[in-house]
Structures are given as structure tokens and as C-alpha cells.
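Reader: I should like to learn how to read a model of several protein chains. May we go through it together, beginning with the backbone of a single loop?

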Amino acid sequence: MKLNTGERWDLIDRISKETVTFGAYQHTLKDAIGELTVKPMTGIPVAIAVMYGFWSVFGSFAGFFTDGFFVRLFDVYWLPWLQEVFPGQGDWLYAIMVDAGGFESGEFVLSSNCLESFGVLTSGLFVAIGVVLPAIIIFYLMLALLEDIGYMPRLAVLLDTVLHRVGLHGYAIVPTILSLGCNVPGVTATRILETKKQRFIMMTLLAIFIPCGAQIGIMQDVVPGLMGWILLYLIIGYFIFGYILNKIVPGKAPEFLIDVPPYRRPMLSNIGKKVWGRIAGFFKVAIPFVLLGCAIVGVLYQLGVIRFLGDALAPVFVGWFGVPKETAGPLIAAFLRKDLAVAQLSAITMTPYQMITAVVLVSIYFPCVATFAMMLKEGWKELLGALAVLTVVVFTYGGLIHLIGILLGVA
Amino acid sequence: MKKKLSEMDYGEQGTVTEIEKDLQKRVAGMGIRVGKTLRMVTKQPIKGPFDVVVDEAETSLGLDMAGKITVEMTK
Amino acid sequence: MKILLMGHPNVGKSVFFNRLTGANVTESNYPGTTVDYTKGWMKIEGEDVEIVDVPGTFSLDPKDRAEEVAVSMLHESRDAKVIAVIDASKIERGLYLAMEIIEEGYPLVIALNMRDVAEDKNITIDADRLERILGIPVVSTVAIAGEGIKELVSRLKEAKPVNVDDIIANAANASDTESAADAGGAA
Ligand SMILES: Nc1nc2c(ncn2[C@@H]2O[C@H](COP(=O)(O)OP(=O)(O)O)[C@@H](O)[C@H]2O)c(=O)[nH]1
Ligand SMILES: [Mg+2]
């Protein structure tokens, strides 16, 4: 037999009266902090401080290990050694695996660092291990800490007002932040949203506007001074296009209803397990894609495909987005490896504003293949819809950024 | 005195007297039901959600939902 | 045999799961969705038993995709036993979900988890009495300390479907016997 909601509660009331006694409850410091961090007057400043702290620790930790250790390891020891021992300098296999090198006055010269060499075993490994690994470890560690303390639901409550305007609700902050590590678990986390409409908006915004740990790591490494602007453009885009999508996508965007659990002392073993699981998951997804992507880009360069496409599309890049024509190659390659593309871009001479535009373009351009596969699980119609949105966004937003640059007189 | 939850002020408390039919099931899992004492912890500005405590469990719910819950004020 | 660990989010299901299962744990994707869940194996009295860490849900009326999956997983495992994990410090809303599962006819045991938290809040629960009223095993646990987990496992075999009418009758009886006892004490 089934009861209705009222009957069920009546029965539970009766059972509870027989079996449970509620003594006087003393509010603790923990409860007080819980309330202070959810009330807007105190909660919003705390949230800003937490986010800022997160970012500072992330930047300095990742920078410390990448610049302080891995750059040296890879550029001073690994690259020269491989260049020496790998057979067939100058032929195609050498170019793809170790170093594509460059030509100076018709002469083949070796690259001096792992971001320029473009070999699977040099750039590929350096990006995967030297850049992405430290970034992803510190990122997931801090995120697990925030989650296990119980801060995320409170952040969700504070952000609900703005996120509701883009058809989502406060909890959308979880997939959003998770995607800053890797879009794949970010897409998985959209399960906490109620309707198909909300999940579509969320996935589309994630795929377009949220750069993953690999990209952030490399940006932090090669264009640290421009990070603020790049992220600002991405966040603004997230809200502009979220707002538009909310208006045009059919379906419902129900309100927010969440449990706000008390703060808890995090369990170290739990955090360890979670962080390890996520890093392992990331590497299962990312390493093959980084290395394979690197190999394919290498092959396409060798075959001249990228040069051909770059030359063909250069007028669009120059005219519409206002970036120099040398960026065409990297921007094409970005379809496969955004991180390497950013590294390539950083080596081209251009104005800071052009650099910002180019890096934002790389970010919003095309979701990585793994994210693509994840989105397909939600349905091919959604995937096609997201692709259509993506195309529109790249041209309108890319053009808009150029326009803003012209108006500011910096483009 | 009766009020909608959406009209309650910070720190106010009361007994839930009515929940509109379509919302009853939705909030049941959170322990929110007629007859329970409900305390309003805070609300977010610009039509943001309401934070309430029922049975020492804190729940945050949107403005429209808060408008469907009636509370007899006790303090 | 298959056992589903069900309960609200954040009540300790995964801690139970990790303590019950060994190394042989797999994370799977629920077909056609972006929702993942974990399952593993344990041995109970020589029998291999499959344990599933079902995504958290507040009720059997799903309000998001994860809850939908939790409900589908329950409905697709008609022959499963359920361990309903309840946060003892929020017992009433936990019982709401447990009642819904009982009403659907599943054999159930209840883990009253977070006993330590309930004690801190001065909440006392008469688990024996609750067990008599519901007609199914009710075990107090502190999952993070491993307390009560052995008992929970040993009592799984007592899980059986119960009729809601019996629970209603038991609840009424319980209050009668109590008022009778009070009256006797006063005389
Ligand atoms: N104090 C206390 N904390 C617990 C207990 N069981 C679990 N926890 C904590 O509750 C949190 C949620 O546990 P978890 O297993 O992830 O919950 P799930 O969402 O139901 O899987 C974790 O931080 C656990 O450490 C318990 O019995 N007592
Ligand atoms: Mg869990």
C-alpha cells in the first residue's frame, strides 16, 4: 500500500513521538559560521576572499613546480638529450616525435625549449607532466577541501541570484568550477540540474567558456600577465550567452531547492581518495589526447595541411578578429591541442590586446574531443545544438572583442 | 499572525500552516511540512533564494517556492 | 544477491560503501545519462554480494537527473535489498525516504548513521523500539569510525518487505502500551 505525502508525514510524526527525544540544542560556533557565510552581507565578502585565495594558491603552486622544476628538467636535460640520441634528425618521424625545429636562412636548427619543439615526446610530455600535472593536483586538492568542508552549497546559495538569470541556478557553480580542472567531469556534474534545458545551457557554456586545467596551466606559464583579461572576457561571455540561451532555448528553468549541510571537519582519507580518483580520471582522458593530438598536429604540419588552411583562412582571422596572420597556423592547430596552440601563440610577436583576443579565441573555439564524447551521451541533438551555438559565439564574440579593441584604440 | 515565507524577515520564526499542493511533494524530502517550526535564516538580494531551518536542517529555496508556504508567526 | 545503498546526499553512503567493499570496485555510467555510480562486491556468509552506491536522493519523486537515476536503479532491481542510510540527527526526513521505499515493497534495513552527531545535538533515538514498530532491523552506526557496520551486515538477512498497515498498527499499539505503562507507573 502507498501513502500520500500527508499520510506519510502523519505516520512518521507518530513514530517519531514514540522513539525520538529532542533535547535542548546548543548552537555552536560552527552553526554561527555556517550562517555568517550564507548571509549576503558577510557571505559575499567571504566568497570573494575564498575565490581569490583559491586562485593565488593555484597560481603560485603551479608556477613553483612548473617554472622552478619542470621547465629546467625538460629544457635543460630531457630535450637536448633526446635531440642527441633520437635517430634521423630532420626527417618526419624525428619532427613528429622530438623536434620539428625551424629554418634559419635555409638551415635546419633545433628548438631550444619544449614549447617550441612540438614533438610528442618533448612538447607533449612537457605539457602533460610539467604543466598540467602540478596545476591539476593543486586544483583538485583545494576543490576537494572546499567540498568536504561543506562550502560549495553556501557558495551556490550566494550565486543563485545571478545564475538564475542565465537559466541555471546556484548549483551550476559546481559543474563550472569542476570544469576548470577538466570539462569531462564538469559535464558529468550537470546531473545536479533539473531539466534538459538547464543541462543544455550548462554544457554549452562549459564547452565554450570554461578553459580546462591544461589550458589554464599553460596560459599561466606563457602569458601570466594577461590572465586577468582573458578570464574576464570568458566570464562576461558566459553570462551574455547564458542570458541569450535562456531566452531562446525552449523548456523550463525551475528554481533552486537545495540542502545546506553543516560544516564538517574534512576526512583526510576521503580527500586523498577523491583527489587521486580525479587525477587518475583526468590522466586517463588527457594523456592520450595530449599525446595523440600532438602527433596529429605534427603530421598535419608535416603534410602542409595547417599551412594551407592557415593561408586560406588568414584573411578571416586578420579581418574579422584583428589578429596577425602568423596566428592562423596555431589557431587551426587549436582544434586539436589548445594548450600547444597557446604556447605557439605566445612565441608570435603581437600586441597584448591581440594576444588576449587570440587566446580567448582558442578557449571558446572548439571543445576538446573528450568533452565532445561526453556531450554525445546527453544526446546528438544537444551536441549539434551546442555546435551551432559555438559557431555563432566564435564569430560574434570574437568580432565583438575586436570591436571593443578598436573602440578602445588598442586593437 | 500569518505570513508567506517570502514575506518573512531575517531571524523570524513560525509554524508552517499551509504548503500549496504542487509544492508539498517537492519539499517533503527536505523535511519541510505543515506543523513544523520554521526559522528564516536569510534571503539573498534581488529576488534571490530564501534560507530556512526546519528540524535543524537548513534548506535554501527559490522565491516562487517561498511564496507558496504560509507560516503562523511565533516570533 | 544485490544490495542498494540508498539515502540522502551526504549521509555517509559512500563511507559505508568503502568499508563494505574490497578493492574490486568499478565506477559505471548509467546508460544514456551523465550520471556515474559505483558498485563493488563483498562476501556475506560465503555468498558473493553485489553492493551499489546509489546516487543520493531526497525522495522517490526525483527533482534532478541524479535523483532520477537513483529511482530508476531502485525500480530496475526488484529483487534487491536496500540499506537505507539515514542521518540520525535529521531522522524524520530520513524516515520519509525509508517509508517510501518500504511502501514499494522492498526488503530494507535502516542504518541510523551519524549517531555521534545526533548525540552532540542531544537527540536520543530508541532504535529497538523503532525496529519493533517498523518490523525491520534498525542499527545505530557511526560509519567513519566503523561502529555498527558488522551488526548491520549480520542483520541483512532479516530484511523483509513489510506492510504499511502493520507499521500503522504497531505505531498505534506502541503509544497505547506506553500510556498504559505510564498509567501503571502512576498508580
Ligand atoms: N560525524 C560523522 N560523520 C560522518 C559519518 N558518516 C559519514 N560521515 C561524513 O559525512 C560526509 C558525507 O559522507 P559520504 O559517505 O560522502 O556521504 P554520501 O553522500 O551519502 O555518500 C563525509 O564527510 C563523511 O566523513 C558518521 O557516522 N559521523
Ligand atoms: Mg556518495
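Author: Certainly. One begins by locating the residue between its neighbouring elements: C:Asn10 lies in the loop of chain C that runs between strand E1 (2-7) and helix H1 (13-20). Please bear in mind that this is a predicted model.

Reader: What is the value of phi at C:Asn10?

Author: Phi of C:Asn10 is near 70°, which is a positive value in a residue other than glycine. Chain B offers another case, B:Lys47, where phi is near 60° and is likewise positive in a residue other than glycine. B:Lys47 sits in the loop between strand E3 (37-43) and strand E4 (50-54) of chain B.

Reader: Does one call B:Lys47 buried or exposed, and why?

Author: One compares the relative accessibility with a cut-off. Exposed means over 50%, so B:Lys47, at 65%, counts as exposed. C:Asn10 has a relative accessibility of 45% and therefore counts as partly exposed.

Reader: Let us turn to the place where two chains touch. How many residues do chain B and chain A bring to the contact?

Author: Chain B brings 29 residues and chain A brings 22 residues. Area gives another view of the contact: the two chains bury about 2300 Å² between them, and 54% of this is on carbon and sulfur atoms. Of the area that chain B buries against chain A, 26% is supplied by B:Arg33, B:Gln44 and B:Glu58, more than by any other three residues.

Reader: Which polar links does one look for across this interface, and how many are there?

Author: The rule finds 2 salt bridges between chain B and chain A, and it finds 11 residue pairs in polar contact. In one salt bridge, the side chains of A:Glu35 and B:Arg39 meet at 2.9 Å, N to O.

Reader: Which elements of chain B supply the side that touches chain A?

Author: Helix H1 (21-28), strand E3, strand E5 (57-61) and helix H2 (63-66) of chain B each supply at least two residues of that side. The largest share, 5 residues, comes from H1 of chain B. By class, the side of chain B that touches chain A holds 11 nonpolar, 8 polar and 10 charged residues.

Reader: In what sense do strand E4 of chain A and strand E5 of chain B pair?

Author: Strand E4 (residues 257-260) of chain A pairs with E5 of chain B in the antiparallel sense, over 4 bridges. To follow the pairing in the structure, one may begin at A:Ile258, which stands opposite B:Ser60 in E5 of chain B.

Note on methods
Residues numbered from 1 in each chain as written. Chains lettered and ligands numbered in written order. Predicted model: local features only at pLDDT ≥ 70, side-chain atom pairs only at ≥ 80, totals over all residues. Heavy atoms only, no water. Buried < 20%, exposed > 50% of the residue type's maximum accessible area, 1.4 Å probe, protein only. Contact = heavy atoms within 4.5 Å. Buried area = accessible area lost by both parts, 1.4 Å probe. Salt bridge = Lys/Arg side-chain N within 4 Å of Asp/Glu carboxyl O. Polar contact = N/O pair within 3.5 Å; in protein donor to acceptor, adjacent residues only side chain to side chain. Nonpolar A, V, L, I, M, F, W, Y, C, P; charged D, E, K, R; others polar. Pairing = 2+ DSSP bridges.
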